[in-house]
Amino acid sequence: RVSTRRSSGLSVTASITETSGPVSICVGFFGEGPANLEIFCASIKTPDRMRAKIGKYIAPHPACRWPLTANIMDPVRVTLVCSGPNHLLQTVRWFVASQAQSGLTVSRIKNKFLLPESEVQDGYRDVTINVVFEDESGLKIIGEIQVQDRKLHDLKYCMHKLYKVKRANNPNSIT
């Protein structure tokens, strides 16, 4: 499928060239020419994982306010892997500039490259965009788009099993 979006002088055209399970490889046309852009679709967050995440926000956490589910910003999520920092920035700018055309309203951008080391889990950095999608009937859902640099994505992939062990409450909860 081919789609082209133009906003604020930025033109990004993507054509899906290969699909393998949850991964699609696209060719995006950025300011300096074509480059691969990988799309990883994650499974929907499970109710058990959402309950565990909500548990982090009970008192005395500063985000403890009703409803605690408001702290779940990623029930549906996707990762976009860019071929370098410049493409990462262009991709984030595209989402912000094309909100009206895409139907995805940006509700928050978290740039982990700007955070101090003490606030970055295991030293990992990316840019996270939380978006709200609304269908024709008015039903809304919030989701997360993680925009990552290729080298950091590969590192995160290697570290993911350790992350699961680290967040587990007991050995039986490790999947």
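## Reading the core and the cysteines

The protein chain of this predicted model has an accessible surface of about 11,100 Å², with 59% of that area belonging to carbon and sulfur atoms.

User: How many helices and strands does the protein chain have, and in what pattern do they follow the sequence?

Analyst: There are four helices and eight strands in the protein chain, and read along the sequence they run β-β-β-β-α-β-α-α-β-β-β-α. Among contacts between residues at least 6 apart in sequence, 47% join residues at least 24 apart.

User: Which residues have the most contacts inside the largest nonpolar core?

Analyst: A nonpolar core is a set of buried residues of certain kinds, joined through side-chain atoms within 4.5 Å. Here the largest one has 16 residues, and Phe95, Ile129, Ile145 and Val147 have the most contacts inside it. At least two residues each are supplied by β4 (33-41), β5 (76-82), α2 (85-97), β6 (104-111), β7 (127-134) and β8 (140-149), while the largest share, four residues, comes from α2. Leaving aside neighbours within four places in sequence, Val147 is in contact with Leu80, Cys82, Leu88, Thr91, Val92, Asp126, Val127 and Ile129.

User: Is Cys82 buried or exposed, and how many disulfides are counted?

Analyst: A disulfide is a covalent bond between the sulfur atoms of two cysteines. With sulfur atoms required to lie within 2.5 Å of each other, the count comes to zero disulfides. Cys82 counts as buried because its relative accessibility is 1%, below the 20% cut-off, whereas Cys41, with a relative accessible area of 46%, is partly exposed.

Key. Residues numbered from 1 in each chain as written. Predicted model: local features only at pLDDT ≥ 70, side-chain atom pairs only at ≥ 80, totals over all residues. Heavy atoms only, no water. Buried < 20%, exposed > 50% of the residue type's maximum accessible area, 1.4 Å probe, protein only. Contact = heavy atoms within 4.5 Å. Areas by Shrake-Rupley, 256 points an atom, 1.4 Å probe, with all protein chains shown as cover.
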